[in-house]
Amino acid sequence: MKRIKLFTAREAAQILGLSYSALKQWIYKKKIGTVKTGGGHYRISEQEIDRFLYRAGGKRGVERRREDFRSVSGRNRLIGRIVDVKVDGFIAQVRLSIGGQQITSLITADAARELRLKKGETAAALIKATSVMLVRP
């Protein structure tokens, strides 16, 4: 059985780029799901944080985003949490969880090492494509 990773409210606020008091308001207004410990403290699951992670990145000012990620001209930037990094030879496979969905990127092993990509950390997927296909379910 897979264990669910839980974060304190302070840790969750830091991951989402929010103030602690703003996250507490989300908790009180039930905007974000929590689990209460026996001692009455709130814990937020990794999956619940991931639901908001991609939104939190877009609300910060341009200057703050530039500090977090390299400045590039592409605007199709999806911010999420790294859920897996596999390095095999010259290639690294990196999976991101973004808003409850997962996206996989194949990059060079050197790039993965240079970026110091680690499971659980925040990263952005920059998508540059000349076409996007849609499929109706």
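In the predicted model, residues 24 or more positions apart account for 46% of the contacts in the chain that have a separation of 6 or more. The chain comprises 137 residues, of which 29% count as buried. Its accessible surface comes to about 10,200 Å², and carbon and sulfur atoms contribute 52% of this area. Five helices and seven strands make up the secondary structure, and from the N terminus these elements follow the order β-α-α-β-β-α-α-β-β-β-α-β.

The helices H1 and H2 were examined as a pair. Helix H1 spans residues 9-16, and its buried residues are Ala9, Ala12, Ala13 and Leu16. Viewed down the axis of H1, these buried residues fall within an arc of 100° and therefore line one face of the helix. The exposed residues Arg10 and Gln14 are carried on the face of H1 turned away from the buried side. Just after H1, Gly17 adopts a positive phi of about 75°.

Helix H2, formed by residues 20-28, has Leu23, Lys24, Trp26 and Ile27 as buried residues. Seen down the axis of H2, the buried residues fall within an arc of 155°, so that they too line one face of their helix. H2 is followed by Lys30, which has a positive phi near 60°.

Two packed helices are described by the angle between their axes and the distance between the axes. For H1 and H2, the packing angle is about 110° and the axes are 9 Å apart. Because angles of 65 to 115 degrees count as roughly perpendicular, H1 and H2 are roughly perpendicular to each other. On the H1 side, the contact is made by Ala9, Arg10, Ala12, Ala13 and Leu16; on the H2 side, Tyr20, Leu23, Lys24, Trp26 and Ile27 take part. The contact thus includes Ala9, Ala12, Ala13 and Leu16, the buried residues of H1, as well as Arg10, an exposed residue of that helix. From H2, the participants include Leu23, Lys24, Trp26 and Ile27, which are buried.

Six salt bridges are present in the structure. One of them is formed by Arg51 and Glu48, with the closest N and O atoms 2.8 Å apart. Both residues belong to helix H3 (residues 46-59), where a spacing of three residues separates them by about one helical turn. Glu48 counts as buried at 15% relative accessibility, whereas Arg51, at 35%, counts as partly exposed.

A further salt bridge joins Arg81 to Asp50, the closest N and O atoms being 2.9 Å apart. Arg81 lies in strand S4 and Asp50 in helix H3, so this pair ties together parts of the chain that are 31 residues apart in sequence. Arg81 and Asp50 are both buried.

Strand S4 also supplies a partner to the salt bridge between Asp84 and Arg95, in which the closest N and O atoms are 3.9 Å apart. This pair links distant parts of the chain, with Asp84 in strand S4 and Arg95 in strand S5 (residues 91-98), eleven residues apart. Asp84 is buried, with a relative accessible area of 17%, while Arg95 counts as partly exposed at 26% relative accessibility. In addition, salt bridges that share partners join Glu46, Asp50 and Arg81 into one network.

The surroundings of Asp84 extend beyond its salt bridge. Asp84 is located in strand S4, which covers residues 77-88. When residues up to four places away in sequence are not counted, Asp84 touches Gln93, Val94, Arg95 and Lys119. Among these neighbours, Arg95 is the salt-bridge partner of Asp84.

Strand S5 also contains Ile98. At 11% relative accessibility, Ile98 counts as buried. The C-alpha atoms of Ile98 and Gly80 are 4.5 Å apart in space, although these residues are 18 positions apart in sequence.

Definitions and conventions
Residues are numbered from 1 along each chain as its sequence is written. This is a predicted model: local features need pLDDT of at least 70, side-chain atom pairs count only at pLDDT 80 or more; totals for chains, interfaces and linings use all residues. Side-chain values use heavy atoms; hydrogens and water are left out. Helices (H or I, at least four residues) and strands (E, at least two) are DSSP runs, numbered from the N terminus. Buried means under 20% relative accessible area, exposed over 50%, partly exposed in between (1.4 Å probe, protein chains only). Contact means heavy atoms within 4.5 Å. Accessible areas come from the Shrake-Rupley method with a 1.4 Å probe; for residues, only the protein chains shown count as cover. A salt bridge is a side-chain nitrogen of Lys or Arg within 4 Å of a carboxyl oxygen of Asp or Glu. The arc is that of the directions from the helix axis to the C-beta atoms. Axes are lines fitted to C-alpha atoms, for helices over the stretch in contact, and angles run from 0 to 180 degrees between N-to-C directions. Angles under 35 degrees count as roughly parallel, over 145 as roughly antiparallel, 65 to 115 as roughly perpendicular and the rest as oblique.
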